[in-house]
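Subject: Structure handover

Hello,

Here is the structure I promised to pass on. Please open it next to this message, as my notes follow directly below.

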Amino acid sequence: MGALHGGPSSRRSIPDDPEEFRLTLVEHLEELRDRIVRILVFVTVGWVVGWFAEPYLYTYLNKMVEQAVVPVLGPGHEWQEVFHNTTEPFMLKLKLSFYIGLILSLPLVLNELWGFVAPGLHKNERRPFTRLIPAMFFLFIIGVVFSWLVMPQALAWFAGYVNEFPGVNVNQEAGTMVFFVLKMLIAFGVAFQLPLVVYGLGALDLLSAETLMSYWRQAATVIFLLAAVITPSNDPISMLMMAIPLVVLFMISVYLVKLTQKKRKKLKAAVSEALE
């Protein structure tokens, strides 16, 4: 507890027993204030870095969009990005650099949040979280990579409908497609956390593999509804791109829950035999 009074830069060490760190309301508020300040600093620094990195990211993502869309447009259709007024370039750079800074600072922000919550948990309560965190980042990356691989085909599919309207040019507002790509990448990364949610509920004995399997149709329906809500464009193609792999991941997580429950039963049986 004494470490908390060493100033804003001090941090709590995580105890094995949260009873050792019973803090007063004022001390909790002081620590929360310090961590919020650090989070704001992390985001601000990331924003500054994003300001200088923005031209490179925008060029890279915009090139990917153009390579997917332009070849699909037939004769008589042109693709052009436009600004409607002179303030839009600055606002676009400001928003995009903030997105970049937020993504760059996210691991540090999550670490601050975990540092505030973890001391209030017992060691056995923290263990599942420490095991799931690496898997969380891994599944997030898998979701982002999957979205990136299918994104050109999805963009080309959308652009193909322009050919049904002869003589129409596409004057795309600058930055719209870049933000669309970023939102899709993040949405897929977040949605791919579903197996961890299912596995966590099973590990806590809140759900059994048998229950999950008996309601797999309802679960698939919920997954499709979730995909429809999360995908930024709300179109059927993007929804299917997200929902189908999520259903597969759901089935894998059910299998992992089943293995976990088998191990738990064996352990309980071994303990019972030892006590007898």
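Is N62 buried or exposed? N62 is buried, because its relative accessible area is 9%, under the 20% cut-off. Its place is in helix 1, which covers residues 25-69. Beyond the neighbours within four places in sequence, N62 contacts E81 and V178. Keep in mind throughout that this is a predicted model.

Now the overall layout. The protein has 276 residues, and 35% of them count as buried. There are 8 helices and 2 strands. Read from the N terminus, the order of elements is α-β-α-α-β-α-α-α-α-α. Take the contacts with a separation of 6 or more: 81% of them join residues 24 or more positions apart.

Next, Q193. Q193 sits in the loop between helix 4 (176-191) and helix 5 (194-203). Is this loop residue, Q193, buried or exposed? Q193 is buried, because its relative accessible area of 14% falls under 20%. The side chain of Q193 comes to 3.2 Å from the backbone oxygen of M136. M136 also appears among the residues that Q193 touches, together with L139 and F140. That list leaves out residues up to four places away in sequence.

F140 turns up again in the second largest pocket. This pocket holds about 520 Å³ of space. It is lined by 16 residues, and those closest to its centre are I103, L106, F140, V144 and I186. Which helices each supply at least two residues of the lining? They are helix 2 (88-117), helix 3 (123-160) and helix 4. Helix 2 gives the largest share, with 6 residues. As for chemistry, the lining of the second largest pocket has 15 nonpolar residues, 1 polar residue and no charged ones.

Then the aromatics. How many aromatic pairs does a search of the whole structure find? The search gives 9. One of them joins W157 and F158. Their ring centres are 5.2 Å apart and their planes stand at 70 degrees, so this pair is edge-to-face. W157 also pairs with Y161. Here the ring centres are 5.1 Å apart and the planes are at 80 degrees, so this pair is edge-to-face too. The cut-off behind both calls is an angle over 60 degrees.

How accessible are these three rings' residues? W157 is partly exposed, at 35% relative accessibility. F158 is partly exposed, at 30%. Y161 is partly exposed, at 39%. Each call follows because the value lies between the cut-offs of 20% and 50%.

There is also an aromatic cluster to look at. F146, F188 and F192 form it.

For a quick tour, I suggest these stops:

- N62 in helix 1, with its contacts E81 and V178.
- Q193 in its loop, with the side chain reaching the backbone oxygen of M136.
- The second largest pocket, starting from I103, L106, F140, V144 and I186 around its centre.
- W157, with F158 and Y161 as its edge-to-face partners.
- The cluster of F146, F188 and F192.

Best wishes

Note on methods:
Residues numbered from 1 in each chain as written. Heavy atoms only, no water. Helix = DSSP H or I, 4+ residues; strand = E, 2+ residues; numbered from the N terminus. Buried < 20%, exposed > 50% of the residue type's maximum accessible area, 1.4 Å probe, protein only. Polar contact = N/O pair within 3.5 Å; in protein donor to acceptor, adjacent residues only side chain to side chain. Contact = heavy atoms within 4.5 Å. 1 Å grid on protein atoms, 1.4 Å probe; cavity = no way out; pocket = protein on both sides within 12 Å on 5 of 7 lines; lining within 4 Å. Points joined across faces, edges and corners; volume = space filled by probe spheres on them. Nonpolar A, V, L, I, M, F, W, Y, C, P; charged D, E, K, R; others polar. Phe/Tyr/Trp six-rings, centres within 6.5 Å; stacked < 30°, edge-to-face > 60°.
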